[in-house]
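Colleague: I have the sequence and the structure open side by side. Could you walk me through the loops, sheets, core and cysteines?

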Amino acid sequence: IAQDIFQRLLERGFLCSDTMDQLRCEACERFLADRFVEGCCPLCGYEEARGDQCDLCGKLINAVELKNPHCKICRATPVIRTSKHLFLELPKVSEGPGGGEGRGTGGGARIGRSAPLSPAAARRYNRGPRPHRPVRDFKSPFHLLLEPA
């Protein structure tokens, strides 16, 4: 089923390939998910910021922006590596039937019957979808059957 869905997304042009920088722990021999990286927040200097956000200042951050990052599993210093990923082209998917309907206008906007969105969430929602990476670098239980590019 997953392979069929993947093939249909690929055939319809809803997937794109791109590269991104990630932290890799050479000691653990793996790319690190945000929850396995800790370091100094580049914004406020908090020493125990995680790879996705700082609990002191509350700002969202990218793991590669952390100062003095370390792996939470083995405490080793990870290195930045570029890896290739497939992204789901959410802007293209949203252009299909019903795409873009229900967009709010800012503070107080609603999605369906949900509670009002915060002004920041409404801005992200109104901005529309961006390409999304559905998976990370990990050992997958299945293999994608792709023709060599």
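Modeller: Let me begin with a loop residue, and please keep in mind that this is a predicted model. Arg75 lies in the loop between β5, which covers residues 67–71, and β6.

Colleague: What is phi of Arg75 near?

Modeller: The phi of Arg75 is near 70°, which is a positive value in a residue other than glycine. Most residues other than glycine have a negative phi.

Colleague: And is Arg75 buried or exposed?

Modeller: Arg75 has a relative accessible area of 53%, so this residue counts as exposed.

Colleague: Which other residue has a positive phi although it is not a glycine?

Modeller: Glu29 does, with a phi of about 55°, and its place is in the loop between β1 and β2. With a relative accessible area of 60%, Glu29 is exposed.

Colleague: Since you mention β1 and β2, what is the strand order in their sheet?

Modeller: The order is β2-β1-β6, an open sheet of 3 strands with antiparallel pairing. Because β2 (30–31) and β6 (79–88) each have a single partner strand, they stand at the edges, and one side of each is left without a neighbour in the sheet.

Colleague: How many bridges join β1 to β2?

Modeller: Strand β1, residues 15–25, is joined to β2 by 2 bridges, and the two run antiparallel. Looking at β2 itself, Arg30 is the bridge partner of Cys25.

Colleague: Arg30 catches my eye; which ring does its side chain lie over?

Modeller: Arg30 lies over the face of Phe36, at 4.8 Å from the ring centre. There is also Arg24, whose charged end sits over the ring of Phe31, 5.4 Å from the centre of that ring.

Colleague: How many aromatic pairs are there, then?

Modeller: The count of aromatic pairs in the structure is 0.

Colleague: Switching topic, what order do the strands take in the sheet with β3?

Modeller: That one is an open sheet of 3 strands in the order β4-β3-β5, and its pairing is antiparallel. The edges belong to β4 (49–50) and β5, each of which has a single partner strand, so one side of each is left without a neighbour in the sheet. Strand β3, residues 37–40, runs antiparallel to β4 and is joined to it by 2 bridges, and Glu38 has Arg50 as its bridge partner in β4.

Colleague: Now the interior, please: which residues make up the largest nonpolar core?

Modeller: The largest nonpolar core has 11 residues in all, including Leu23, Leu32, Val37, Ala49, Ile61 and Leu66, and among its cysteines are Cys25, Cys41, Cys54 and Cys71.

Colleague: What does Ala49 touch, leaving out residues up to four places away in sequence?

Modeller: Ala49 touches Val37, Glu38, Gly39, Cys40, Cys41, Cys54, Ile61 and Leu66.

Colleague: With those cysteines about, how many disulfides does the structure hold?

Modeller: The structure holds 0 disulfides. Cys28 is in no disulfide, and the nearest cysteine sulfur, belonging to Cys25, is 3.6 Å away. Cys71 is likewise in no disulfide, with the sulfur of Cys28 as the nearest cysteine sulfur at 3.9 Å. For reference, a disulfide here requires sulfur atoms within 2.5 Å.

Colleague: And how do Cys28 and Cys71 count, as buried or as exposed in some degree?

Modeller: Cys28 counts as partly exposed because its relative accessibility is 24%, whereas Cys71, at 0% relative accessibility, counts as buried.

Methods: Residues numbered from 1 in each chain as written. Predicted model: local features only at pLDDT ≥ 70, side-chain atom pairs only at ≥ 80, totals over all residues. Heavy atoms only, no water. Core = buried A, V, L, I, M, F, W, Y, C linked by side-chain atoms within 4.5 Å. Buried < 20%, exposed > 50% of the residue type's maximum accessible area, 1.4 Å probe, protein only. Contact = heavy atoms within 4.5 Å. Phe/Tyr/Trp six-rings, centres within 6.5 Å; stacked < 30°, edge-to-face > 60°. Lys NZ or Arg CZ within 6 Å of the ring centre and 35° of its normal. Pairing = 2+ DSSP bridges. Helix = DSSP H or I, 4+ residues; strand = E, 2+ residues; numbered from the N terminus.
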